[in-house]
Amino acid sequence: GLVTGRVADFLDGGIMAIPPMIGRPGAFLFHSGSRAAFDTYREVLDVFGESHYVGTDPGLAALYDIALLSGMYGMFMGVAHAYALIANAGLSAREFAPLLTRWVNAMTGMIAPTGEAVDRGDHSVGVTSSIGMQAAAYVNLVDTARDQGVSPELLAPLQKVMDERVADGHGDDAIGGIIEVLRKAGR
C-alpha cells in the first residue's frame with residue numbers, strides 16, 4: 001500500500017465506545033494491520049480503552065466494529081418493537097423495562113454456544129427450541145404487532161430466513177442456524 005511502500009507501518013482501529021466512555025472502563029478498541037506498530041504504541045492506545053489486536057489485515061478492525069454494531073442494532077430493533085407493543089397497549093414502558101432487561105440479558109447466554117455452532121458448522125447440538133417450531137410460531141409476533149397497530153417491519157424479515165432454513169432440511173436445528181442462510185449470499 002501507499003503507507004507500507006514508504007517504509008512505514010499502518011495500523012487501523014475501531015473504537016467500541018460512545019464519546020463519554022473513551023478512556024473509561026467498558027471502552028475497547030480493535031486494531032489491525034502492523035503488529036509491530038500495535039506492540040510499540042499499545043500503552044498509548046490503551047489510554048482510550050482496552051486494546052485488542054485482531055490481525056494483520058488492516059480491514060479486520062473495521063469488520064469487527066461493523067459486526068459488533070450489527071449485533072447492537074439488531075438488539076435495538078427488538079427493544080424498539082417491544083416498547084412499541086407496550087406503548088400502543090397503553091402500558092408503561094418504564095414499568096416494562098426491568099422485564100425486558102431481564103429477558104434480553106438471559107438470552108445473551110446463547111451467544112457463545114451459537115458461536116461454537118458456527119465454528120463447527122453444526123447447529124443441531126444441544127437444541128432446546130428448534131427453528132422449525134420457532135418458524136411455525138413466529139407468525140404470532142407479526143400478527144400481534146398488526147393487531148396492536150405496530151409496524152412489523154423490523155421483525156417480519158426473520159420469518160423468511162427461518163422458513164428458508166427449515167425448507168433446507170434444518171428444522172431441528174437451533175435458531176442460530178439462520179446464520180447459514182445469511183452466509184449463502186457470500187458463497
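V47 sits out in the open in this predicted model: its relative accessibility is 55%, so V47 counts as exposed. You'll find V47 in the loop that runs between α1 (35-45) and β3 (50-55). V47 has nonpolar company on the surface, where it forms a patch with I15, I22, Y41, V44 and F48. Together, the residues of that patch have about 560 Å² of accessible area.

T114 makes a handy contrast. With a relative accessible area of 16%, T114 falls under the 20% cut-off and is therefore buried. T114 is part of helix α4 (residues 111-120). Once you set aside neighbours within four places in sequence, the contacts of T114 are G176 and I179.

Here are the two residues next to each other:

| Residue | Relative accessible area | Class | Location |
|---|---|---|---|
| V47 | 55% | exposed | loop between α1 (35-45) and β3 (50-55) |
| T114 | 16% | buried | helix α4 (residues 111-120) |

Now for the inside. Which residues make up the largest nonpolar core? There are 9 residues in it: I131, A135, Y138, V142, L155, V161, M162, I178 and V181. Three helices, α5 (131-147), α6 (156-170) and α7 (178-184), each put in at least two residues of this core. The largest share, 4 residues, comes from α5.

V181 is one of the core residues, and its contacts are worth a look. Not counting residues up to four places away in sequence, V181 touches V161, E164 and R165. Of these partners, V161 is itself listed in the core.

Note on methods:
Residues numbered from 1 in each chain as written. Predicted model: local features only at pLDDT ≥ 70, side-chain atom pairs only at ≥ 80, totals over all residues. Heavy atoms only, no water. Buried < 20%, exposed > 50% of the residue type's maximum accessible area, 1.4 Å probe, protein only. Contact = heavy atoms within 4.5 Å. Core = buried A, V, L, I, M, F, W, Y, C linked by side-chain atoms within 4.5 Å. Patch = residues over 30% accessible without salt bridge, like charges linked within 9 Å, V, L, I, M, F, W, Y side chains within 5 Å. Areas by Shrake-Rupley, 256 points an atom, 1.4 Å probe, with all protein chains shown as cover. Salt bridge = Lys/Arg side-chain N within 4 Å of Asp/Glu carboxyl O.
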